[in-house]
Amino acid sequence: MLAAMRYSRSFIPTLRDAPADAEVTSHKLLLRAGYIRRVTSGVYDYLPLALLVLRKIEAVIRDEMNRAGAQELLMPMVQPGELWEKSERMEKYGPELLRFKDRHSHESCLGPTHEEVICDLVSRELRSYKQLPMNLYQIQNKFRDEIRPRFGLMRGREFVMKDAYSFHADEESLAAEYKNMFEAYTRIFTRFGLKFRPVEADTGSIGGSDSHEFHVLAESGEDLIAHCSGCDYAANVEKAVSVRASTSCEQAALNMVETPGVTSVEDVADFLSVDIGLLVKTLVYRVNGGEHDGAIVATCVAGDDQVQEIKLAHVLGADSVEMASDDDIASIGGITGFVGPQQLSGRVLVDMRLQGATGLVAGANQPDTHVTGLDITRDIAEPEFADLRETRAGDVCERCGGMIELSRGIEVGQVFALGTRYTEPMEVIFQNQQGKRSVATMGCYGIGVSRLMAAIVEQCNDEAGINWPLALAPFQVGLISMGRSDAVRDTSETIYRQLADAGIEILWDERNERPGVKFKDFELIGLPFQIVIGDRGLKDGEVEIGWRQQQRKTVAVADVVNIVLTELHATEANS
RNA sequence: CGGGGUGUGGCGCAGCCUGGUAGCGCGUACCGUUCGGGACGGUAAGGUCGGAGGUUCGAACCCUCUCACCCCGACCA
């Protein structure tokens with residue numbers, strides 16, 4: 001590995017201004033500090049500095065994966081279409097799967113993930129339960145034709161991912177490996193010094209039963225996570241379950257009221273001077289995929305709640321749901337803006353929070369009209385109750401009664417207990433202890449390596465630039481030579497050589513630049529430790545050393561190498 | 001895909017409304033003075049104004065089409 005480098009010979013194109021299209025801190029800084037350059041939407045060059053960091057991140061991941069008993073292998077990025085037909089994901093994965101034909105018109109795709117390929121491999125070689133369990137992983141580029149790439153490395157189309165796949169003879173073994181991986185992930189993110197949180201997660205398009213995501217907590221995070229202040233419950237808001245008392249008022253007779261042109265819940269609440277929680281928000285969805293594909297269903301939540309569409313899709317056994325068109329709404333007897341749960345021809349799903357509520361306000365399914373005094377039990381023909389609402393801050397924890405809070409997070413890892421979702425169709429079969437053919441159970445475990453780099457920058461930065469932890473910085477030490485005197489040059493070179501020989505990763509700024517420029521560049525790039533050599537100190541036989549953005553101290557030239565080694569090793573040992 | 005926006009030298013921008021010599025700051029090259037926290041003076045290089053078509057005597061500017069990129073929503077490591 002490149003351990004020592006002269007600045008004038010290195011490719012570190014720093015920018016004084018951040019390009020206008022960079023939004024989040026990590027994107028701006030990685031661009032400005034010369035780590036990455038955009039090639040096309042969601043696709044980046046990793047410049048030398050970025051590669052150095054990426055390799056260090058990978059090294060930690062490898063270390064922990066190997067320690068956890070997993071074995072590294074490398075699978076191809078180009079995959080044959082048949083495998084995806086076999087797992088029935090050719091259709092399901094959708095346009096995110098980049099497909100193409102090779103010169104023989106063979107249907108192929110760029111791997112967005114590798115369940116199919118690994119199952120194919122393992123199914124060919126697996127015969128006996130004695131070969132199980134096994135956990136195989138790779139660190140490799142993935143391609144997902146994201147609808148909307150953004151935030152630089154945070155959501156690219158091409159990205160580096162560590163993906164691991166485990167195979168088991170039974171559920172107990174899978175559960176044990178799931179726990180093992182969960183713990184390995186916890187160690188990995190802890191070693192990076194990150195503020196992170198494992199949360200219960202939806203399984204998404206991968207499928208399976210049990211899943212946790214690991215989120216780095218950051219304002220710029222794209223995910224919302226709910227966590228309890230009283231216990232360790234934490235879940236992605238796509239899945240989080242929590243309680244909030246229903247807003248109810250006295251039972252009353254149904255009554256039609258005219259509400260000309262008043263459609264949004266806020267406006268209706270205002271117009272009728274009632275608490276927004278007393279409204280019933282009725283949203284109509286079109287179902288995509290599953291056995292109710294194409295159906296139009298109505299959903300009801302309290303006026304102050306939001307429908308959590310992922311939960312809804314799960315309840316319906318659908319791939320996804322989308323807001324219905326005005327025509328769709330009319331087809332079940334509703335009128336856009338005045339939809340209510342009564343007299344609709346389709347299914348009506350009602351959020352559990354509304355169960356038993358009375359004295360509510362809802363659309364009347366007639367133009368410019370709402371009803372008051374609605375009683376869920378009395379007035380809705382066949383309500384199907386389900387948990388549909390999105391958890392909000394201030395909800396009550398179902399487990400301990402504590403208060404639920406919300407945070408933003410960047411998802412950097414996820415573990416899945418897949419069960420037989422892939423092993424069944426891909427025929428990963430072995431002979432069990434009883435001599436019977438049995439389908440293996442499977443788990444998969446991902447870490448977004450390139451995203452992790454961005455997430456770390458998101459958490460480790462200041463006004464001056466990136467503030468890498470010592471273990472991840474592209475170089476541990478930045479050596480700055482001040483002025484061009486022979487003394488400065490010779491001393492610098494000697495110290496540079498000695499540190500490099502001692503195995504220290506060092507970048508020597510010997511450019512003919514003014515000091516300010518050099519300091520700014522090193523701070524931008526994020527080198528943790530500085531050595532400053534100038535005539536001023538040298539005349540007393542001294543140089544300056546210090547941690548980034550902290551007061552430097554002077555030490556004798558003769559002692560620098562030893563002192564620096566001691567300081568670095570002490571810090572390494574501490575972290 | 002729907003909604004919004006932007007394309008002018010490497011980066012950041014002005015000019016466009018009201019057509020007539022393509023400009024500013026930073027950066028880059030060279031010379032000189034500087035040299036402990038993004039120096040100063042001088043000289044210079046670098047742009048078919050995203051692309052195509054149209055209107056016009058004349059288009060960065062007006063019109064049409066197109067491409068790319070960015071932002072907001074659905075996706076996910």
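Mentor: A polar contact is a pair of N or O atoms within 3.5 Å; within protein, one must be able to donate a hydrogen and the other to accept it, and residues adjacent in sequence count only if both atoms are side-chain atoms. The model is predicted: local features need pLDDT of at least 70, side-chain atom pairs count only at pLDDT 80 or more, and totals for chains, interfaces and linings use all residues. Residues are numbered from 1 along each chain as its sequence is written, and side-chain values use heavy atoms, with hydrogens and water left out.

Trainee: Which residue has a backbone N or O atom 3.5 Å from a sugar or linking oxygen of RNA strand B?

Mentor: Two other residues meet the strand through their side chains. A polar side-chain atom of Ser 41 is 3.2 Å from a phosphate oxygen, and an N or O atom in the side chain of Arg 451 is 3.1 Å from a base oxygen. The backbone atom at 3.5 Å from a sugar or linking oxygen belongs to Gly 413.

Trainee: Which element gives the most residues to the surface near RNA strand B?

Mentor: A residue is near the strand if one of its heavy atoms lies within 4 Å of it. Helices (H or I, at least four residues) and strands (E, at least two) are DSSP runs, numbered from the N terminus. Elements giving two or more residues include strand E24 (404-419) and helix H13 (515-525). With 7 residues, the most comes from H13.

Trainee: How many charged residues does the surface near RNA strand B have?

Mentor: Asp, Glu, Lys and Arg count as charged; Ala, Val, Leu, Ile, Met, Phe, Trp, Tyr, Cys and Pro as nonpolar; and the others, Gly among them, as polar. Besides 16 nonpolar and 11 polar residues, the number of charged ones is 23.

How values were computed. Chains lettered and ligands numbered in written order.
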